[in-house]
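Here is a short briefing to read alongside the model. Please take a look at the structure first, and then we can walk through a few of its features together.

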Amino acid sequence: MAVAVKIYQRETKELTLEPRPERGKGPVGRLRREQEMLPGVVYGHHQEPRPFKIPGRTLERALAAGGRNAIFVLKEAGNQETERAVVREIQYHKVRGDVMHIDFLRINADEEYTASVPLITIGVPVGVSIGGGALQHSLTAVDMHCIASQMPSRIEIDITGLQIGDSIHVSDLLASEARIVNDGDVTIVSVLAPRLTVDEEA
């Protein structure tokens, strides 16, 4: 099946980090409450982990503006040296949902790695809007392998033309995006037939 695919490249964002001497639950908790700073760590790429802190609002704005899938150029206050990293993990408060801690993974822009890339569907299938079918999402992200500087932020697929009984599989994307490493037989979306209601009297 021919599928319209749109690839979005990752944005590059800059963040200035501050060294974080605070360790342990108590000092880090005060960091959040009294200074409105968020703790984090940069690790990976055969280097020592580097704890840091950053103003909470600065980090939240960066994340809200597409930062979850961006490449970050990180530098330390007072130091001109930079390193590139991507968001590896974000810890949220269980009740309020605020960001509590962030992990960045160092990358080399010219080095290959595998990452999970979100799959976004656009449009409403005609099999749903006209045929009354039900849309079933089976896969919301794919794994891609490429050099870090070319890793997409997301892949968009147009599902408007799907009829009842139609499906899109990973193999349908491989013609336009060969860097996907998932099994081609995996289903991404399907349009299911409407459920028939049985007359109880009958």
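Rings of Phe, Tyr and Trp (its six-membered ring) pair if their centres lie within 6.5 Å. With that in hand, ring pairs link F52, F72 and F104 into a cluster. This is a predicted model, in which local features need pLDDT of at least 70, side-chain atom pairs count only at pLDDT 80 or more, and totals for chains, interfaces and linings use all residues. Residues are numbered from 1 along each chain as its sequence is written, and side-chain values use heavy atoms, leaving out hydrogens and water.

**Confidence**
- The chain has a mean pLDDT (the predictor's confidence in each residue, from 0 to 100) of 87, and 96% of its residues reach 70 or more.
- Residues 197-202 have pLDDT below 50, and this stretch makes 0 contacts (heavy atoms within 4.5 Å) beyond near neighbours in sequence.
- Where pLDDT is low, the predicted coordinates should not be read in detail.

**Rings**
- The structure holds 2 aromatic pairs.
- R154 places its charged end over the ring of Y8, 3.7 Å from the ring centre; this requires CZ of Arg, or NZ of Lys, within 6 Å of the centre and within 35 degrees of the ring normal.

**Helix α2**
- Helix α2 (a DSSP run of H or I, at least four residues, numbered from the N terminus) spans residues 56-64, and its G56, L59, A62 and L63 are buried (under 20% relative accessible area, 1.4 Å probe, protein chains only).
- Seen down the axis of α2, the buried residues line one face, because they fall within an arc (of directions from the helix axis to the C-beta atoms) of 135°.
- On the other side of α2, R57, R61 and A64 are exposed, that is, over 50%.
- The cover over the buried residues of α2 includes the strands (DSSP runs of E, at least two residues) β2 (12-19), β3 (37-44) and β4 (47-55), along with β5 (71-76), β6 (82-92) and β7 (99-107).
- G66 follows α2 and has a positive phi, near 85°.

Definitions and conventions:
Rings of Phe, Tyr and Trp (its six-membered ring) pair if their centres lie within 6.5 Å; planes under 30 degrees apart count as stacked, over 60 as edge-to-face and the rest as tilted.
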